[in-house]
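Thanks for making the time this morning. I would like to walk you through one structure, going from its secondary structure elements to a few individual residues.

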Amino acid sequence: MLELLKGEIPYQEGEEVLVLSEDVRTTGLVLVDLVNGFCTVGAGNLAPAEPNKQISVMVEESVRVSRMFCERKWPIFAFLDTHYPDKPEPPYPPHCIIGTGEENLVPALQWLENEPNVTIRRKSCINGFVGSWEKDGSNIFTDWVKANGIKVILVLGICTDICVLDLVSTLLSARNLGLLPPLEDVVVHSGGCATYHLPVHVARNIKGALAHPQDVMHHIGLYLAKGRGAKIVQEVSISSSMEL
């Protein structure tokens, strides 16, 4: 089924690589919801029940790329899904409730909290851009883009077809309207993204649940992101200007 889907709605042909130059500091890294409640086995209602390769690879790649950025003091913005118990987020069950630990960065990325180039934003909704509005009408994400002169946003995180897709789609719409200067491109790292797996036979026994085949929905999320105008890459590396 996945191969049929890839044939009918391909989102790219061949290997796509994003090569960042040591001398060009206009790319910002955005990490979406790399929290225990979505990534750590057994950590909550929406966490994987058992080790999951797609999620593990996403975490490993997020650590690798984050270290690349921190070594060079390049800007990183990390969204952390965080909810209060009296404010549900239908249709999803309670998750990432503040104080449970589910809302915190996965152990492999907790070191980001001490990095001066990292901005952390706890959000209480799917769309990180919407979750960045302050009561005074300002938007912390918009301010981050402008303050760092970001022309390219590189996105990694979970879920490919939900929080990642909503954020990417909104950023592209904002860019098109001139609301995020000097932003030019939004890039999604396919191997640095993941989504959850809920097979049909399990979903049938959960009231209101929809089946969510992981590989299929991951592909669809990337396809839709590209359809909105994002660039999809399978690899991220850094090269000096002499090697470009």
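Let me begin with the convention for elements: helices (H or I, at least four residues) and strands (E, at least two) are DSSP runs, numbered from the N terminus. What you see is a predicted model, in which local features need pLDDT of at least 70 and side-chain atom pairs count only at pLDDT 80 or more, while totals for chains, interfaces and linings use all residues. Residues are numbered from 1 along each chain as its sequence is written, and side-chain values use heavy atoms, with hydrogens and water left out.

With that convention in hand, Arg122 can be placed in strand β4. Its relative accessible area is 36%, which makes Arg122 partly exposed, on a scale where buried means under 20% relative accessible area, exposed means over 50%, and partly exposed is what falls in between, using a 1.4 Å probe and protein chains only. If we set aside residues up to four places away in sequence, Arg122 touches Leu80, Thr82, Glu103 and Asn104, where contact means heavy atoms within 4.5 Å. Two of these involve side-chain polar contacts, one of 3.0 Å between Arg122 and Thr82, and one of 2.9 Å between Arg122 and Asn104. By a polar contact I mean a pair of N or O atoms within 3.5 Å; within protein, one must be able to donate a hydrogen and the other to accept it, and residues adjacent in sequence count only if both atoms are side-chain atoms. As for Arg25, which sits 97 residues from Arg122 along the chain, the two C-alpha atoms are separated by 25 Å.

Let me turn to helix α3, residues 53-71. The 19 residues of α3, at 1.5 Å a residue, should span 27 Å, and the end C-alpha atoms are indeed 27 Å apart, so the two values agree; the expected span here is 1.5 Å times one less than the number of residues. At the start of α3, a side-chain oxygen of Asn52 comes to within 3.2 Å of the backbone nitrogen of Gln54. The buried residues of α3 include Ile55, Met58, Val59, Ser62 and Val63. It may help to recall that an α-helix has 3.6 residues a turn, so residues three or four places apart point the same way. After α3 comes Lys73, in the loop between α3 and β3, and Lys73 has a positive phi of about 60 degrees although it is not a glycine.

A similar backbone feature appears at Asp33, where phi is near 55 degrees, again positive in a residue other than glycine. Asp33 is in the loop between β2 (27-32) and α2 (36-39), and its relative accessibility of 0% makes Asp33 buried.

There are also cis peptide bonds to point out. One joins Pro90 and Pro91, with omega about 10 degrees, and Pro91 is in the loop between β3 (76-81) and β4 (118-123). Another runs from Pro181 to Pro182, with omega near 5 degrees, and Pro182 belongs to the loop between α5 and β6 (185-194).

How do α5 and α7 pack? Helix α5 (residues 160-176) and helix α7 (residues 214-228) meet at an angle of about 5 degrees, with their axes 9 Å apart; axes are lines fitted to C-alpha atoms, for helices over the stretch in contact, and angles run from 0 to 180 degrees between N-to-C directions. The two helices are therefore roughly parallel to each other, given that angles under 35 degrees count as roughly parallel, over 145 as roughly antiparallel, 65 to 115 as roughly perpendicular and the rest as oblique. Among the residues making the contact are Leu165, Val168 and Leu172 of α5 and Met217, Gly221 and Leu224 of α7.

Also in α7 is Gln214, which at 9% relative accessibility counts as buried. A polar atom of the Gln214 side chain lies 2.7 Å from the backbone oxygen of Thr195. Beyond its neighbours within four places in sequence, Gln214 is in contact with residues including Asn52, Gln54 and Ile55.

Finally, the cysteines. With a disulfide taken as a pair of cysteine sulfur atoms within 2.5 Å, the count comes to 0 disulfides. The sulfur of Cys70 is 18 Å from the closest cysteine sulfur, that of Cys39, which is too far for a bond. Cys96 is in no disulfide either, with the nearest cysteine sulfur, in Cys39, 8.8 Å away.
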